[in-house]
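Here is a short tour for anyone meeting this structure for the first time. Take a look at the sequence and the model, then read on.

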Amino acid sequence: MGRDAVTEQQLIDVVDGPVADFWSEETDGAIRLGVTTAHDWVTPDAGCSDPTAMWNEVAATVGFVPGPGKHLLLYVSSRATGCAYALGEVGAAPGSGGRMYVRNTGTSVIAHEFGHNFGLGHSSGRQCDAAVESDACRTVGYRDYYDVMGVSWAQLGSLNAPQAARLSLLPAARQQSLTVSGSPVTVTLAPVSGRTGTRALRLTDAEGSDYWLEYRPASGRDAWLGTAANRYGLDAGVLLRHGEGLPDTSVLLDATPAPAGDWNADHQAALPLGTAVPVSGGDFTVVVQGLGPAGAVVSITPAASVSPAAAVPVGRSPSGAPGGVMSGTGHEAAPEAASSPQFWAPEHRGTRALRDTGDLAPAGDSSTVGGFVVALTASALAGSALLVVRVLRRTARTR
């Protein structure tokens, strides 16, 4: 084993090109990335088994000083098979800065790790047995193929509503909120890929937990949904997500649920047209009335405005923030896979009804979990200094 064929310029071009373009577009220019310094291969004594020591050693070698808006990106040789596919620190805010490493130059995996530095956890998926929510569910890490913080593959869709809200990228004029005690409303959701109209609807249930509705048609950054590039057959339409804490700060719910035996092959999640969908055990009932290029017409009825006899009897998923050390194994092996561990191990198990690591698809793409949580200076990011280094692990060096 040893260094691979990736060049310094290849890595710079990906960061300065499509990765920078993605984050600039999704944040309306609030996040601007650019490589300021690059170094060729270095060989630290510390390895991926102690990423903090490896980052510290490489930083000292190349003169990187951590600080707000400063990122250290290491490219680790793809031949260093003892390393995770990628790993990043989870920052306190978009301007915190942070450190990461990757073993692939794919746009999605690098953009994903920057998302961790900016403060985001993963975009995962929850499937329940023939119900949108119930007590018989599994949560699969990264099983949101629409979003950069989910599975990393060839497509980078628009940043989803709960992730955008976590970065304060959904201004009040672009979202609407409704509580369980509110009155019924009918809202026209504008495409989430656009920058006008109501791009997200936040539903806050009786426990104070937030659900998010967004409209994702095959347009703008999501135009690939209407092409052969949509190899998993993902739905265009209105999507429902639950906003949670680390490690899964966004969880995609399946609004057309399949029986448990069919979960692995079920990638269709959009709300069906004209069908009443209960949310949070019936705290809300959502009906998509119409879909069009300009928007989706959605009606929401809170439980407070429905008589008890008319309420939809649906089980509520267990709730609560992740806690403790979670472990597990398994994620899809794919050439475009993305990843990033925190003090949770890859494909961590256990805080919902079931966290499952089942196969997502035979040719899928994936990532491991989180990063190391750090509390750095929280400030608005007007620009970002980035130091790129390629790393050859000493234990993998050839003679």
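A residue counts as buried when its relative accessible area is under 20%. Keep in mind that this is a predicted model. With a relative accessible area of 4%, His 242 is buried, because that value falls under 20%. You'll find His 242 in strand 11, which covers residues 237–243. Its side chain has company too: a polar contact of 2.3 Å joins His 242 to the side chain of Ser 209.

Next up, a helix. How many of the 11 residues of helix 3 are buried? The count is 10, so helix 3 (residues 107–117) is largely enclosed by the rest of the structure. Among the buried ones are Ser 108, His 112, Glu 113, Phe 114 and Asn 117. Just after helix 3 comes Gly 119, with a positive phi of about 115°.

Phe 114 also turns up in another setting: ring pairs link it with Phe 22, Trp 23 and Phe 118 into a cluster. Across the structure there are 9 aromatic pairs. One of them is formed by Tyr 145 and Tyr 232, and it is tilted, with 50° between the planes. Tyr 145 sits in the loop between strand 6 (137–140) and helix 4 (161–166), while Tyr 232 belongs to the loop between strand 10 (210–216) and strand 11, so the pair ties together parts that are 87 residues apart in sequence. Both of these tyrosines, Tyr 145 and Tyr 232, are buried.

Rings can have charged company as well: the charged end of Lys 70 sits over the ring of Phe 64.

Here are the side-chain distances in one place:

| Residues | What it is | Distance |
|---|---|---|
| His 242 and Ser 209 | polar contact | 2.3 Å |
| Tyr 145 and Tyr 232 | aromatic pair, centre to centre | 4.5 Å |
| Lys 70 and Phe 64 | charged end to ring centre | 5.6 Å |

Now for the empty space. The structure holds 2 cavities of 30 Å³ or more, and the largest has about 130 Å³ of space. Which residues lie closest to the centre of this largest cavity? Of the 14 that line it, they are Arg 143, Leu 252, Asp 266, His 267 and Ala 269. By class, the lining is made up of 6 nonpolar, 4 polar and 4 charged residues. Strand 5 (123–128) and strand 12 (250–253) each supply at least two residues of that lining, and strand 5 gives the largest share, 3 residues.

Conventions: Residues numbered from 1 in each chain as written. Predicted model: local features only at pLDDT ≥ 70, side-chain atom pairs only at ≥ 80, totals over all residues. Heavy atoms only, no water. Helix = DSSP H or I, 4+ residues; strand = E, 2+ residues; numbered from the N terminus. Buried < 20%, exposed > 50% of the residue type's maximum accessible area, 1.4 Å probe, protein only. Polar contact = N/O pair within 3.5 Å; in protein donor to acceptor, adjacent residues only side chain to side chain. Phe/Tyr/Trp six-rings, centres within 6.5 Å; stacked < 30°, edge-to-face > 60°. Lys NZ or Arg CZ within 6 Å of the ring centre and 35° of its normal. 1 Å grid on protein atoms, 1.4 Å probe; cavity = no way out; pocket = protein on both sides within 12 Å on 5 of 7 lines; lining within 4 Å. Points joined across faces, edges and corners; volume = space filled by probe spheres on them. Nonpolar A, V, L, I, M, F, W, Y, C, P; charged D, E, K, R; others polar.
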